[in-house]
Amino acid sequence: MLSHGMKQTGSISLNHLQGVIFAILNPWVAIGILLLLAFFATYMTALSWADLTYVLPATSFGYVLLALVAKFLLHEQVSPMRWLGIALITGGVGFIAGGPSLTEHPHSSTKIPAGTSPRESGEGVLRANNAGVETPTSVER
Amino acid sequence: MKEIYTWSAILAIVFASVVGDVLLARAMKQVGDVGDLRRRAGLGVVILRTLGNGNFLLGVVAMAAAFFSLLFALSWGDVSLVAPAAASLTFIGNAVAAKIFLHERVDQRRWIAVVLVAAGVALLAG
């Protein structure tokens, strides 16, 4: 849910910067900035739960959504090389999520000791993850 | 000559955004679990604690530096070179930096994912 929203906002605002911004200036820019802010906030939230090497590739899924939006909403041409790129990113994200069934739980990072089910209720996963992440400085402040 | 400028600007982007990402990640690890903190102390405390974190502020400065480097790079080179090169090199640099500075356990699975995503982004953005 969080990751989904993050990816969506990410893709939509990227989409703005590339194409729509030139066509319709003011309201779109305002929405774009708001979405970028929302993206940043959710990105920081995700970083508080999971590793950078986990969050960053997962965020790149926004590129895939961007390409799909460009194809189906803006009717842009998506070349075979771009489809290959989409496939590579999707594969990489699938790899890092430890299989497609876990993609909805980006905070259940691989730091969790093996055996912890990522299909627990959300809070259980969060706690488990928080305990599992190596954060020697997390008690500061 | 122009290529040297472009590539140094790309390297500047990569360096600044890697530094920014590492600082932001470290800041959020210091802030702690945002969801948990919000339940205990409220959203205002989360925001204040994040904005008051030194690493966070430095990270934002680094991100701004990356953005201006991007502007410089775009003034010297094509967007079809700058965007994919900077994006995919940033992924690789981040994996290395996260391993060294954040002591994250970057195992084989994550390396493969990073390389796949970097290649995919290079293809998509190009």
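## Helix α5 of chain B and the residue after it

In this predicted model, B:H103 takes a positive phi of about 55° just after α5(B), where helices (H or I, at least four residues) and strands (E, at least two) are DSSP runs numbered from the N terminus. The 23 residues of α5(B) should span 33 Å at 1.5 Å a residue, and its end C-alpha atoms are 31 Å apart, which agrees; the expected span of a helix is 1.5 Å times one less than its number of residues.

Residues are numbered from 1 along each chain as its sequence is written, while chains are lettered from A and ligands numbered from 1 in the order in which they are written. Because the model is predicted, local features need pLDDT of at least 70 and side-chain atom pairs count only at pLDDT 80 or more, whereas totals for chains, interfaces and linings use all residues.

## Helix pairs in chain B

Helix α5 (residues 79-101) and helix α6 (residues 108-125) of chain B have axes that come within 8 Å and cross at roughly 170°; axes are lines fitted to C-alpha atoms, for helices over the stretch in contact, and angles run from 0 to 180 degrees between N-to-C directions. The two helices are therefore roughly antiparallel to each other, given that angles under 35 degrees count as roughly parallel, over 145 as roughly antiparallel, 65 to 115 as roughly perpendicular and the rest as oblique. Among the residues making this contact (C-beta atoms, placed from the backbone, within 7 Å) are B:F91 and B:I92 of α5(B) and B:W111 and B:V114 of α6(B). The residues of the contact divide into 14 nonpolar, one polar and one charged, where Ala, Val, Leu, Ile, Met, Phe, Trp, Tyr, Cys and Pro count as nonpolar, Asp, Glu, Lys and Arg as charged, and the others, Gly among them, as polar.

A second pair, α2(B) and α3(B), packs at an angle of about 125° with the axes 7 Å apart, and these helices are therefore oblique to each other. Here B:V34, B:L37, B:R38 and B:A41 in α2(B) meet B:L43, B:V45 and B:V46 in α3(B), a contact of six nonpolar, no polar and one charged residues.

## Chain A

Chain A contains six helices and zero strands. Of its 141 residues, 38% are buried, a residue being buried if 20 or more other C-beta atoms lie within 10 Å of its own, exposed if 12 or fewer, and partly exposed in between, with C-beta atoms placed from the backbone. Among the contacts in chain A with a separation of 6 or more, 58% come from residues 24 or more positions apart.

A:K71 lies in helix α4 of chain A and counts as partly exposed, because it has 15 C-beta neighbours inside 10 Å. Not counting residues up to four places away in sequence, A:K71 touches A:E76 and A:V78.

## Between the chains

In the contact between the chains, 36 residues of chain B meet 34 residues of chain A. On the side of chain B that touches chain A, α6(B) gives the most, with 12 residues, and the residues of that side divide into 20 nonpolar, seven polar and nine charged.

The largest nonpolar core (a set of buried Ala, Val, Leu, Ile, Met, Phe, Trp, Tyr and Cys residues joined through C-beta atoms within 7 Å) has 63 residues, of which A:I89, B:I13, B:A86, B:V117 and B:V121 touch the most other members. The largest share of this core, 14 residues, comes from α1(B). Leaving aside its neighbours within four places in sequence, A:I89 is in contact with residues including A:F61, A:V64, B:V117 and B:V121.

Notes:
Two residues are in contact if their C-beta atoms, placed from the backbone, lie within 7 Å.
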